[in-house]
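The exercises below are meant to be worked with the sequence and the coordinates open side by side. Try each task before reading its solution.

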Amino acid sequence: MRLVIDTNILVSAMLIDTSLPARLIQLWQGGLFDVLTSAEQIDELKRVTRYPKIRARLPPSIAGRLINELRELAVMVSDLPEVTASPDPYDNFLLATAKAGRAEFLVTGDARDLLKLYSFAGTRILTVRAFLATHGRLP
């Protein structure tokens with residue numbers, strides 16, 4: 001199974017280690033599925049974890065550890081196609097990663113833009129809770 005995990009979910013997982021996003025990351029680390037990422041997402045994650053409100057709650061060492069883990073363990077997808085499907089143009093790289101990597105799921109908390117699409121190019125778009133429930137993995 002192949003997933004793209006939105007950056008907002010990755011940050012949430014780092015902030016609260018008992019959260020559903022953290023559970024999702026633990027399942028990935030346990031080998032339940034493959035996570036797809038891209039250079040664009042790594043760049044976004046670096047940028048977001050440097051925001052003052054995030055830095056105040058998240059030590060750089062924890063953010064750096066996740067970034068390194070993504071680089072080492074996630075499936076890096078390159079040569080992303082041009083995608084303009086999201087109402088938020090800054091989310092299009094996630095859809096492009098899902099399309100290029102043939103992801104089955106895009107897991108996000110973005111109710112305003114991505115979740116409204118429901119699916120894109122064969123990828124189901126759903127919340128962490130919905131993904132975990134679908135796969136019998138709610139704690």
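**Exercise 1.** In this predicted model, decide whether Asp-91 is buried or exposed, and then place this residue in its surroundings.

*Solution.* Begin with accessibility: Asp-91 has a relative accessibility of 8%, and because buried means under 20%, the residue counts as buried. Next, locate Asp-91 along the chain, where it lies in the loop between β3 (75-76) and α6 (92-101). Then look for its partners: once neighbours within four places in sequence are left aside, Asp-91 is in contact with Ser-86, Asp-110, Asp-113 and Leu-114. Finally, compare the backbone positions of Asp-91 and Thr-7, which are 84 residues apart along the chain and whose C-alpha atoms are separated by 9.7 Å.

**Exercise 2.** Find the aromatic pairs in the whole structure, and work out which residues form one aromatic cluster.

*Solution.* A search of the whole structure finds two aromatic pairs. One of them joins Phe-33 and Phe-131, with 5.7 Å centre to centre and 85° between the planes, an edge-to-face arrangement. This pair links distant parts of the chain, since Phe-33 sits in the loop between α2 (20-29) and β2 (34-37) and Phe-131 in helix α7 (residues 128-134), 98 residues apart. Both partners are buried, Phe-33 with a relative accessible area of 2% and Phe-131 with one of 0%.

Turn then to Phe-105 and Phe-131: their ring centres are 5.2 Å apart and their planes stand at 75°, so this pair is edge-to-face. It too connects distant parts of the chain, with Phe-105 in strand β4 (residues 105-107) and Phe-131 in helix α7, 26 residues apart. Phe-105, at 9% relative accessibility, also counts as buried. Putting the steps together, Phe-33, Phe-105 and Phe-131 form one aromatic cluster.

**Exercise 3.** Describe the largest pocket and the second largest pocket by volume, contributing elements and lining chemistry.

*Solution.* Start with the largest pocket, whose volume is about 310 Å³. Its lining consists of 13 residues, of which Asp-6, Thr-7, Asn-8, Glu-44 and Val-48 lie nearest its centre. Both α1 (7-15) and α3 (39-48) supply at least two lining residues, and α1 gives the most, with four. By type, the lining divides into four nonpolar, three polar and six charged residues.

The second largest pocket has a volume of about 250 Å³, and its lining residues include Leu-10, Met-14, Ile-25, Arg-65 and Glu-69. Two or more residues come from each of α1, α2 and α5 (60-73). Here the lining divides into seven nonpolar, two polar and three charged residues.

Note on methods. Residues numbered from 1 in each chain as written. Predicted model: local features only at pLDDT ≥ 70, side-chain atom pairs only at ≥ 80, totals over all residues. Heavy atoms only, no water. Buried < 20%, exposed > 50% of the residue type's maximum accessible area, 1.4 Å probe, protein only. Contact = heavy atoms within 4.5 Å. Phe/Tyr/Trp six-rings, centres within 6.5 Å; stacked < 30°, edge-to-face > 60°. 1 Å grid on protein atoms, 1.4 Å probe; cavity = no way out; pocket = protein on both sides within 12 Å on 5 of 7 lines; lining within 4 Å. Points joined across faces, edges and corners; volume = space filled by probe spheres on them. Nonpolar A, V, L, I, M, F, W, Y, C, P; charged D, E, K, R; others polar.
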